[in-house]
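Trainee: Please pick one part of this model and go through it closely. Then place it in the rest of the chain.

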Amino acid sequence: MEMTLRWYGSAFDTVTLRQIRQIPGVKGVITTLYQKAPGELWTREEIHTLKEEVEASGLKLSGIESVNISDDIKTAGPLRDEHIQAYIETLENLGKEDIHMVCYNFMPVFDWTRTELARVREDGSTVLAYNQEAVDRIDPERMFESIAGDMNGTVMPGWEPERMARVKELFDLYRDIDSEKLFENLKYFLEAVMPVCDKYDINMAIHPDDPAWSVFGLPRIITNMENISRMMKMVDNPHNGVTFCAGSYGTNPENDLPEMIRALRGRIHFAHVRNLRFNRFCREDGSQVTSWTGEKIPVGKPDFEEAQHLSSDGSFDMYEIVRALHDIGFEGPIRPDHGRMIWDEKGMPGYGLYDRALGAVYIQGLWEAIEKSGR
Ligand code: CS2
Ligand code: MN
């Protein structure tokens with residue numbers, strides 16, 4: 001594995017490359033041209049400038065998160081082919097700049113969904129949290145307003161104010177899109193980009209839907225092993241792989257994360273490792289769930305909050321997650337995912353410096369122990 005941190009670029013991030021460079025063991029960043037609208041072409045010069053900036057700080061540009069997919073591509077709208085063409089040329093330009101991993105997602109309207117960006121925990125830190133009752137109560141068109149006040153002046157991925165201003169229109173676009181159609185549109189997109197990925201050895205790494213169930217009646221497809229297998233089989237090419245995001249698949253406690261990782265050997269191109277704590281969960285029929293770690297989760301509409309990376313603070317067994325990645329010989333970029341806001345930091349919720357740095361070091365500690373004990 002190659003330890004990295006996500007960085008949004010000097011114009012958007014509160015964290016600097018210099019700070020990232022000082023986190024023990026972090027060798028690279030996962031970044032993006034954050035100002036680009038989905039569907040827009042990334043020129044080779046723009047990519048080159050970004051890469052130079054990263055390299056000047058002593059870090060590697062380890063991959064892109066994300067080259068976002070436009071709503072026209074997701075819904076087979078009138079600009080689909082034009083946007084796919086721009087995507088192909090963007091991949092070509094990335095390939096020419098020696099960048100070989102691209103994370104993206106296929107979630108309709110919203111990227112990840114949380115109802116709180118700053119839930120206060122017992123230690124005074126704040127975290128992102130999700131409460132199903134709050135989702136059921138809220139008018140989806142007001143979702144952005146309800147959390148915007150806690151963004152600390154940052155622009156959060158997938159929640160760009162320009163897009164959110166058109167949220168009603170976006171919902172209309174997806175009116176006739178069910179999961180079958182979304183799968184079809186994903187297939188169309190993947191088939192179109194695979195040749196350029198083959199040519200430049202670019203790994204496409206789809207990010208799961210978060211939470212791993214349908215929200216506001218919108219279809220969500222990248223949620224469990226069955227659906228990932230379907231996605232990989234429908235365009236059967238090793239460059240068509242996944243971002244294994246523990247915190248996103250893990251929102252459904254029935255997703256056995258280590259087992260999924262083992263089943264995905266060779267197709268995980270990028271890993272996001274974080275922990276969360278379930279406060280309540282139940283299946284759609286109201287029944288109780290025992291999670292893959294053996295935890296019997298109190299029954300109720302889902303409520304979870306993000307936790308420290310440490311196993312002891314959340315519901316996941318982080319040792320088992322890291323061990324599974326180690327066992328499949330995972331060599332790609334890995335990053336701590338959302339961190340808590342601690343030590344009075346003000347930054348993008350989930351993407352401050354301190355707690356993610358702690359996460360990066362903890363994951364490396366687990367990795368070293370697993371490696372040495374296996375010898
Ligand atoms: C999220 C997303 O879990 C995560 O990493 O913060 O913003 C994610 O990066 C995107 O959905 C990937 O395209
Ligand atoms: Mn993630």
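**A helix pair and its setting**

Mentor: The crossing of helix 13 and helix 14 is right-handed; a crossing counts as right-handed if the near helix is turned clockwise from the far one by less than a right angle, and as left-handed if anticlockwise. Helices here are DSSP runs of H or I with at least four residues, strands are runs of E with at least two, and both are numbered from the N terminus. This is a predicted model, in which local features need pLDDT of at least 70 and side-chain atom pairs count only at pLDDT 80 or more, while totals for chains, interfaces and linings use all residues. Residues are numbered from 1 along each chain as its sequence is written, and chains are lettered from A and ligands numbered from 1 in the order in which they are written.

Helix 13 covers residues 318–327 and helix 14 residues 354–373; their axes lie 10 Å apart at an angle of about 60°. Axes are lines fitted to C-alpha atoms, for helices over the stretch in contact, with angles from 0 to 180 degrees between N-to-C directions. The angle makes helix 13 oblique to helix 14; under 35 degrees is roughly parallel, over 145 roughly antiparallel, 65 to 115 roughly perpendicular, and the rest oblique.

On the helix 13 side the contact uses Met-318, Tyr-319, Val-322, Arg-323 and His-326, and on the helix 14 side Ile-363, Leu-366, Trp-367, Ile-370 and Glu-371. Contact requires C-beta atoms, placed from the backbone, within 7 Å. By class, this contact has seven nonpolar, one polar and two charged residues (nonpolar: Ala, Val, Leu, Ile, Met, Phe, Trp, Tyr, Cys and Pro; charged: Asp, Glu, Lys and Arg; polar: the others, Gly among them).

Another pair can be set beside this one. Helix 4 (residues 80–96) and helix 9 (residues 179–200) have axes that come within 10 Å and cross at roughly 20°, which makes helix 4 roughly parallel to helix 9. The crossing of helix 4 and helix 9 is right-handed. Residues in that contact include Ile-84, Tyr-87 and Leu-91 of helix 4 and Phe-189, Val-193 and Val-196 of helix 9. By class, the contact has ten nonpolar, one polar and two charged residues.

Now the strands. Eight of them form a closed barrel in the order 1-2-3-4-7-8-9-12, with parallel pairing; strands pair if DSSP finds at least two bridges between them. The twist averages 30° from one strand to the next in the barrel. Within the barrel, strand 8 (residues 240–245) and strand 9 (residues 268–273) run parallel, joined by four bridges, and Cys-245 stands opposite His-272 in strand 9.

An open sheet of four strands has the order 5-6-11-10 and antiparallel pairing. Strand 5 (116–120) and strand 10 (276–280) stand at its edges with a single partner strand each, so one side of each has no neighbour in the sheet. Strand 10 pairs with strand 11 (residues 303–306) over four bridges in the antiparallel sense, with Arg-277 opposite Glu-305 in strand 11.

For the chain as a whole, there are 14 helices and twelve strands. The radius of gyration is 19 Å, close to the 21 Å from the globule rule for 375 residues, so the chain is as compact as a globular protein of that length (taken over C-alpha atoms; the rule is 2.2 Å times the number of residues to the power 0.38).

Technical notes: Contact = placed C-beta atoms within 7 Å.
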